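The following account leads the reader through one protein structure, from its helices and cores to its sheet and loops. Please keep the sequence and the model in view while reading.

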Amino acid sequence: MTVRINDILEEVSGYIPDADTRIIEKAYVFSARVHQGQTRLSGEPYLNHPLEVAYLIAQMHLDVTAVAAALLHDTIEDSLTKVEDIAAGFGDEVAQVVDGLTKISKIDFRSEEEQQAENFRKMILAMSKDLRILLIKLVDRLHNMRTLQYHKPKSQERIARETLEIYAPLANRLGIHWLQIELEELSLKYLDPTGYKTLKARLEDIEKAKEAYLSDVMGQIRSKLESMGIKAEVKGRIKHVYSVYQKLKKQGIPFEDVYDVMGMRIIVSSVAECYETLGIIHSIWKPIQSRIKDFIAMPKANMYQSLHTTVFGPGGDRIEIQIRTREMDYIANEGIAAHWRYKDGMQISDHEGERLSWLRQLLEWQKELKDPHEFLQSVKIDLYPEDVYVFTPKGEVKRFPVGATPLDFAYSVHTQLGNQCMGAKVNGKIVPLRYKLNSGDVVEILRSSKQHPGKDWLRIAKTSRAKTKIKAWLRAQENEQSIALGREILEKRIKSLHLGKEVDYEAMAKDFSFPDTDAFFMAIGFGRLSVNQVINRIAPEEQKKEPKRQIRKKSQDSSGIVVKGVENLLVRYAKCCRPIPGDEVVGFITRGRGITVHRSSCPYVMEIDPRRLIAVEWDKNFSENHEIDFSVMCADKPGMLGSITAAIGTRNINIISMKAYPVANGSAMCVFRVTVKSLSELKDLFGDIRRLKGVERIERQ
């Protein structure tokens, strides 16, 4: 059904009876005029899109300003309209919302990843001024996802992935459950079409087969609650496709092993009846102890409240049951939109501001994280909804994402406490830094002035705050090390020239436009300023030339790596990614250990200060065996391992170690460590192994 302006006006009048809808009608006329002649990829008039978005905003019961802004949200971007025109015709409030939406969608960056990160940064900034901007943007994305079939496959995948990683978690964090679910389902439909279609069909089959079963269970619940004097609304459902898909992927299990695809929702009149109903349900069917959760006493960050339990229902089938009041149910579906409506200039209350404190935290972090990729990773971490609740020794409750450690707790209290954290006492027992916090833990941090952050802390910490503070400390230390390394490199080169005079480093720093000698030496240490550039300024002409280097013969002392701009430094290979000739590589300057060579795609490289990286390349005259690890997923059958090892032996490649073990669904995992001379040799080997019957997947570690 095509939405018309009258549908929107009727919807608004339904929840704001005395609304002055003239601004909405005016916005419709303006939008129709500026979008006249424009069409979408589907071929339909472009005006249909803002009408659909405005109708969805009205269904969320937002105010007249939001509905008008939704009708106008593309006018600046897709026509000659200026923000001043919107302000003159519709007032500053509408203009600010439309301008915020335009800024979100107008940024253009070199790579998709930077664009995604920077757009999201703009979105955070925009919604800090007016949450309606974010709500309209989410609905705008929803309608675009509903019409994604008209895009090319590559665009479909990019938009769907962005939706799944950014917009769906935002909808979840705002508590708008229906919006989150639809965004997730639509994204999965394009990211894994076969998996989505297959899983959807299987869930529909279960729903048909279990229709009578669900009806019977609901009847038993209603009857038992009525006998106890509780009036309740009981609903039954099969879980959504995406939630089941995530479970299959996360746990690595077949569909047949998912036992709790059925769910019940019981809606009662009061909080007291919620707990009473939980007891009644447990008296009928045996609960699974680990699956009882109380989100009423400890609401989620998005204001969600409910009691959750999973029981063994009739016939032993597992049934997930949610118990909540009608208000809780409304909030669970509508989220912040249920709690907060704009009214003639009213702003968000202090109480609601506290519940949305995560927005302010994100704003603080985005100021500290200048690199777009780094910011995106931090935001994605903190948008995921699962939380654990722990207590300080004084009984204060602190909330962290699942997987958080004592480091996250320490940095949440104070930066200095985090930097000196050496462990913690959890519930009175000493635990290591890697310990994962659980809800209900009482945490006391153990500190030492001799303890300092290390790079491995970045893998231990979970929260953006902790990671940011650790990186800040590491950068400060690395700056000091770079200063020492830069001085060492330059002094060594100057000494070899035998200038016979003292070198004025302060004057040299000013000559290269550095504020002081520290900045000067740091630039050399980081490789941003080469030693040759400095020598060209201070040495007599006949001494500028470097001594001729002898042609390096292949030997055990040769590293196989050429470091651009730096000579005579120790080079070693990173064990985390085991680079081999042919890989794209990058060097990392380490104090006292020279250069560590990583593959450019190594996850560790993404976590370190980019200023510490230095350009390196493979020495074409060098040939030596390098160790690498790879895994093969294959059929678990006799002779399979022998076939793989035979393929390796045929290539005359040495196997250092191997291990094999069975996994689910009749498959086995074989892990090998071998020595190869180059990437091309490894690719040839992988080609041989892939051609073996029974091999499902091969991956380099």
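**From the helical cores to the sheet**

Serine 31 touches Leu47, Pro50, Leu71, Leu72 and Thr75, not counting residues up to four places away in sequence; contact here means heavy atoms within 4.5 Å. The model is a predicted one, in which local features need pLDDT of at least 70 and side-chain atom pairs count only at pLDDT 80 or more, whereas totals for chains, interfaces and linings use all residues. Residues are numbered from 1 along each chain as its sequence is written, and side-chain values use heavy atoms, with hydrogens and water left out.

Serine 31 belongs to helix α2 (residues 22-34). Helices (H or I, at least four residues) and strands (E, at least two) are DSSP runs, numbered from the N terminus. Because its relative accessibility is 0%, serine 31 counts as buried; the term means under 20% relative accessible area, while exposed means over 50% and partly exposed lies in between (1.4 Å probe, protein chains only). Two of the contacts of serine 31, Leu71 and Leu72, are also among the buried residues of α4. In helix α4 (residues 64-72), 9 of the 9 residues are buried, so the helix is largely enclosed by the rest of the structure.

Val67, another buried residue of α4, leads to the largest nonpolar core. A nonpolar core is a set of buried Ala, Val, Leu, Ile, Met, Phe, Trp, Tyr and Cys residues joined through side-chain atoms within 4.5 Å. In soluble globular proteins, nonpolar side chains tend to be buried together. The largest core here has 61 residues, of which Ile8, Val12, Ile24, Ile57, Val67 and Ile86 touch the most other members. Helix α8 (residues 131-146) gives the most to this core, with 9 residues. Leaving aside neighbours within four places in sequence, valine 12 is in contact with Ala19, Thr21, Ile24, Ala58, Val64 and Val67. Apart from this core lies another, of 38 residues, among them Leu214, Leu225, Ile321 and Met328.

Helix α8 also packs against helix α9 (residues 153-173), at an angle of about 145° and with the axes 11 Å apart. Axes are lines fitted to C-alpha atoms, for helices over the stretch in contact, and angles run from 0 to 180 degrees between N-to-C directions. On the α8 side, Leu134, Lys137, Leu138, Arg141 and Met145 take part; they meet Ile159, Ala160, Glu162, Thr163, Tyr167, Leu170 and Ala171 in α9.

Turning to the strands, β7 (residues 387-391) and β8 (residues 397-401) pair in the antiparallel sense over 5 bridges; two strands pair if DSSP finds at least two bridges between them. Tyrosine 389 has arginine 399 in β8 as its bridge partner. The hairpin has 5 residues between the strands, and glycine 395 in this hairpin takes a positive phi near 95°.

Further along the chain, an open sheet of 4 strands has the order β19-β20-β18-β21, with antiparallel pairing. Its edge strands, β19 (654-662) and β21 (695-700), each pair on one side only. The twist averages 20° from one strand to the next. Within the sheet, 10 bridges join strand β18 (residues 626-635) to the antiparallel strand β20 (residues 667-676), and alanine 635 stands opposite serine 667 in β20. Helix α30 (residues 679-690) packs on the sheet, touching β18, β20 and β21, and its direction makes about 165° with that of β21. Helix α29 (residues 640-650) lies across β18, β19, β20 and β21, running at about 20° to β20.

Which cysteine sulfur is nearest to that of cysteine 634? With a disulfide taken as a pair of cysteine sulfur atoms within 2.5 Å, the count comes to 0 disulfides. Cysteine 634 is in no disulfide, and the nearest cysteine sulfur, that of cysteine 670, is 3.9 Å away. Cysteine 634 is buried, with a relative accessible area of 1%.

Two loop residues close the account. Most residues other than glycine have a negative phi. Asparagine 652, in the loop between α29 and β19, has a positive phi near 60° and is exposed, with a relative accessible area of 71%. Arginine 578, in the loop between β13 (571-573) and β14 (585-590), likewise has a positive phi, of about 45°, but counts as buried at 17% relative accessibility.
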